[in-house]
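Thank you all for making the time this morning. I would like to take you through one structure, so please have a look at the sequence and the model as they come up.

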Amino acid sequence: MSLFDEEPDKKPVDHVIGGDLSMISVDELTERIGILQQEIIRIEAEIATKHKSKNAAESLFR
């Protein structure tokens, strides 16, 4: 197998909120949606963790 047979590495997706989407393929847009959905899940989990910590701290001082 030569170097020319290998697919080039995909660069990481840099998504800019409100950025121009017109030059992005449907496959790339679909990939971005998946990445953003995973990020939403990660952020929601962090919010839940912070709420639990806050509620635990508040219960100590009641």
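Lys50 is exposed, with a relative accessible area of 52%, and I should say at once that what we are looking at is a predicted model. The partner of Lys50 is Glu46, and the two form a salt bridge in which the closest N and O atoms are 3.7 Å apart. Glu46, for its part, is partly exposed, its relative accessible area being 40%. Both residues belong to helix H1, where they sit four residues apart, or about one turn of the helix.

Let me step back to the chain as a whole. The protein chain has one helix and zero strands, and that helix, H1, covers residues 26–60. Of the 62 residues in the chain, buried residues make up 3%. The accessible surface comes to about 6200 Å², and 60% of that surface belongs to carbon and sulfur atoms.

How many salt bridges does the count come to? The count comes to three, and the pair between Lys50 and Glu46 is one that you have already met. In general terms, side chains of opposite charge can pair when their charged atoms come close.

Earlier along helix H1, the side chains of Glu39 and Arg42 meet in a salt bridge with an N to O distance of 2.6 Å. Because Glu39 and Arg42 are three residues apart in the helix, about one helical turn separates them. As for their surroundings, Glu39 counts as partly exposed at 31% relative accessibility, while Arg42, at 54%, counts as exposed.

There is also a salt bridge between the side chains of Lys54 and Glu58, which meet at 3.9 Å, again taken from N to O. That value falls inside the cut-off, which asks for a side-chain nitrogen of Lys or Arg within 4 Å of a carboxyl oxygen of Asp or Glu. Lys54 and Glu58 are four residues apart in helix H1, so the separation between them is about one helical turn. Glu58 has a relative accessibility of 34% and therefore counts as partly exposed.

Finally, I would like to turn to the start of the helix. Where is Ser25 found? Ser25 is in the segment before H1, and at 33% relative accessibility this serine counts as partly exposed. A polar atom of the Ser25 side chain lies 3.1 Å from the backbone nitrogen of Glu28.

Terms used: Residues numbered from 1 in each chain as written. Predicted model: local features only at pLDDT ≥ 70, side-chain atom pairs only at ≥ 80, totals over all residues. Heavy atoms only, no water. Helix = DSSP H or I, 4+ residues; strand = E, 2+ residues; numbered from the N terminus. Buried < 20%, exposed > 50% of the residue type's maximum accessible area, 1.4 Å probe, protein only. Areas by Shrake-Rupley, 256 points an atom, 1.4 Å probe, with all protein chains shown as cover. Polar contact = N/O pair within 3.5 Å; in protein donor to acceptor, adjacent residues only side chain to side chain.
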